[in-house]
Amino acid sequence: MRRRFFVERFEAQRARMEGEAAHHVGRVLRAQPGQVYELSDGQRVWLGRVETVGRDVVEFALVEELPGHQPSLDSTLLLAW
């Protein structure tokens with residue numbers, strides 16, 4: 001199972017992660033160029049290969065878009081007063 005991280009947006013087959021998330025990936029997980037993670041912008045999911053790791057910035061090359069997962073069960077929440 002791959003780890004999934006969220007990015008602001010995907011641009012021209014590239015993605016950039018900044019701030020605390022980038023610090024976590026780069027310093028805590030010790031990401032290295034060539035490693036692959038799942039990246040999402042909240043709407044789509046891509047496999048992203050780490051290209052560069054900086055102090056608070058990680059840059060990815062997008063490898064492949066993954067199919068979206070549709071829930072197999074529709075559910076409705078009702079609120080009672």
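A residue counts as buried under 20% relative accessible area, as exposed over 50%, and as partly exposed in between. The structure analysed here is a predicted model. By that scale Val53, with a relative accessibility of 28%, is partly exposed, because its value falls between the two cut-offs. Val53 belongs to strand β5. Apart from neighbours within four places in sequence, Val53 has contacts with Gly26, Ala31 and Val58. Its C-alpha atom also lies 7.2 Å from that of Pro33, although 20 residues separate Val53 and Pro33 in sequence.

The chain contains one helix and six strands. In sequence order these elements give the pattern β-β-β-α-β-β-β. The radius of gyration is 15 Å, well over the 12 Å expected from the globule rule for 81 residues, so the chain is more spread out than a compact globule. The C-alpha trace spans about 50 × 30 × 25 Å along the principal axes. Of the 81 residues, 28% count as buried. The exposed surface of the chain amounts to about 6400 Å², of which carbon and sulfur atoms supply 49%. Among contacts with a separation of 6 or more, 47% involve residues 24 or more positions apart.

The six strands make up an open sheet of mixed pairing, with the order β1-β4-β5-β6-β3-β2. At its edges are β1 (residues 4–6) and β2 (residues 10–11), each of which pairs on one side only. Strands β1 and β4 run parallel and are joined by three bridges. Within this pair, Arg4 stands opposite Glu38 of β4. On the next step across the sheet, β4 and β5 run antiparallel and are joined by five bridges. Bridge partners here include Tyr37 with Gly48 of β5 and Glu38 with Leu47 of β5. The two strands form a hairpin with four residues between them, and Gly42 in the turn has a positive phi of about 95 degrees.

Strands β5 and β6 are likewise antiparallel, with eight bridges between them. They too form a hairpin, here with three residues between the strands. Gly48 stands opposite Leu62 of β6. Strand β6 also pairs with β3, in the antiparallel sense and over five bridges. In that pairing, Met17 stands opposite Val58 of β6. The helix α1 lies across β1, β3, β4, β5 and β6, and runs at about 95 degrees to β3.

Strand β4 is largely enclosed by the rest of the structure, because four of its five residues are buried. Glu38 is a residue of this strand. With a relative accessibility of 13%, Glu38 counts as buried, because this value is under the 20% cut-off. Neighbours within four places in sequence aside, the contacts of Glu38 are with Arg2, Arg3, Arg4, Phe5, Val45, Trp46, Leu47 and Leu66. Two of these residues, Arg4 and Leu47, were named above as strand partners of Glu38: Arg4 stands opposite Glu38, and Leu47 is its bridge partner in β5.

The largest nonpolar core comprises 15 residues, and Met17, Leu39 and Phe60 have the most contacts inside it. Two or more core residues come from each of β3 (14–18), α1 (19–28), β4 (36–40), β5 (45–53) and β6 (57–66). Strand β6 gives the most, with three residues. Leu39 touches Phe5, Val7, Phe10, Ala15, Met17, Arg44, Val45, Trp46, Gly48, Phe60 and Leu62, when residues up to four places away in sequence are not counted. Met17 and Phe60, listed with Leu39 for their contacts inside the core, are thus also among the residues that Leu39 touches.

Note on methods: Residues are numbered from 1 along each chain as its sequence is written. This is a predicted model: local features need pLDDT of at least 70, side-chain atom pairs count only at pLDDT 80 or more; totals for chains, interfaces and linings use all residues. Side-chain values use heavy atoms; hydrogens and water are left out. A nonpolar core is a set of buried Ala, Val, Leu, Ile, Met, Phe, Trp, Tyr and Cys residues joined through side-chain atoms within 4.5 Å. Buried means under 20% relative accessible area, exposed over 50%, partly exposed in between (1.4 Å probe, protein chains only). Contact means heavy atoms within 4.5 Å. Two strands pair if DSSP finds at least two bridges between them. Axes are lines fitted to C-alpha atoms, for helices over the stretch in contact, and angles run from 0 to 180 degrees between N-to-C directions. The radius of gyration is taken over C-alpha atoms; the globule rule is 2.2 Å times the number of residues to the power 0.38. Accessible areas come from the Shrake-Rupley method with a 1.4 Å probe; for residues, only the protein chains shown count as cover.
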